[in-house]
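Got the viewer open? Let's walk through this one together, one selection at a time.

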Protein chains: 2
Amino acid sequence: MPAMSADQIDAGLQSLTGWSRAGNAIAKEYRFANFRAAVAFLVRVGFEAEQRDHHPEIFNVYNRVTITLSTHDAGGVTDKDFDLARAIDTVAD
Amino acid sequence: MPAMSADQIDAGLQSLTGWSRAGNAIAKEYRFANFRAAVAFLVRVGFEAEQRDHHPEIFNVYNRVTITLSTHDAGGVTDKDFDLARAIDTVAD
């Protein structure tokens, strides 16, 4: 699976909300009511990641969680990242 | 609760394993067998944090988790951070 070009990534991002290109990755910051809501979200993200054997970078401070997605083997962003991004948006709702 | 001096922090770190001073904070990287072990650890860290109403910065990539602790209200490291560090070491074992 080849890495997408910047133009391909930007085109893909049109179908998502709140995601942006971050170097060779895509990223989004989520905000929750409090820390325990953020941890609950991380657990659900964990199940989505394991199901796909595709794992995000996760950064959490209190009620904020930043998710960064890229495909290590491809050296950039692939469809796998967009698929996981959509799944994460679903569990965040 | 006043922030500790760098010397006080270094003295406190003598009683911990794997923690180091990171600017105005203390930090440690944990490695686990796999991603799901890392997520299970994050959940346990979450309970320790909520119990103390004191929250870490968490960074996770696959089986690696970096925990960074500081006391925002004090603008640096306090006993609260050492207390949480010890609790996190206990759940990591």
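Before the first stop, a term: two strands count as paired if DSSP finds at least two bridges between them. Keep in mind that this is a predicted model.

Start by selecting residues 57-61 in both chains. That is strand E3, and E3 of chain A pairs with E3(B) in the antiparallel sense over five bridges. Now click on Phe59(A): standing opposite is Phe59(B) in E3(B).

Stay on Phe59(B) for a moment. Of the residues of chain B, Phe59(B) comes closest to the rotation axis, with its C-alpha at 2.3 Å. To see that axis at work, superpose the chains: a turn of 180 degrees and a shift of 0.0 Å along the axis lay chain B on chain A with an RMSD of 0.0 Å. The two copies are thus related as by a two-fold rotation axis.

Next, select the whole contact, which takes 15 residues from chain B and 15 residues from chain A. Within it, color Phe35(B), Glu50(B) and Ile58(B): these supply 33% of the area that chain B buries against chain A, more than any other three residues. Between them, the two chains bury about 1500 Å², with 68% of it on carbon and sulfur atoms.

Zoom in on Glu50(B) now. Its side chain meets that of Arg36(A) in a salt bridge, 2.8 Å from N to O. How many salt bridges are there across the interface of chain B and chain A? The rule finds two.

Last stop: H2(B). This helix gives the largest share of the side of chain B that touches chain A, seven residues. By class, that side has nine nonpolar, three polar and three charged residues.

Definitions and conventions
Residues are numbered from 1 along each chain as its sequence is written. Chains are lettered from A and ligands numbered from 1 in the order in which they are written. This is a predicted model: local features need pLDDT of at least 70, side-chain atom pairs count only at pLDDT 80 or more; totals for chains, interfaces and linings use all residues. Side-chain values use heavy atoms; hydrogens and water are left out. Copies are superposed by least squares on the C-alpha atoms of residues with pLDDT of at least 70 in both. Contact means heavy atoms within 4.5 Å. Buried area is the accessible area (1.4 Å probe) that two parts lose on being put together, summed over both. A salt bridge is a side-chain nitrogen of Lys or Arg within 4 Å of a carboxyl oxygen of Asp or Glu. Helices (H or I, at least four residues) and strands (E, at least two) are DSSP runs, numbered from the N terminus. Ala, Val, Leu, Ile, Met, Phe, Trp, Tyr, Cys and Pro count as nonpolar, Asp, Glu, Lys and Arg as charged, and the others, Gly among them, as polar.
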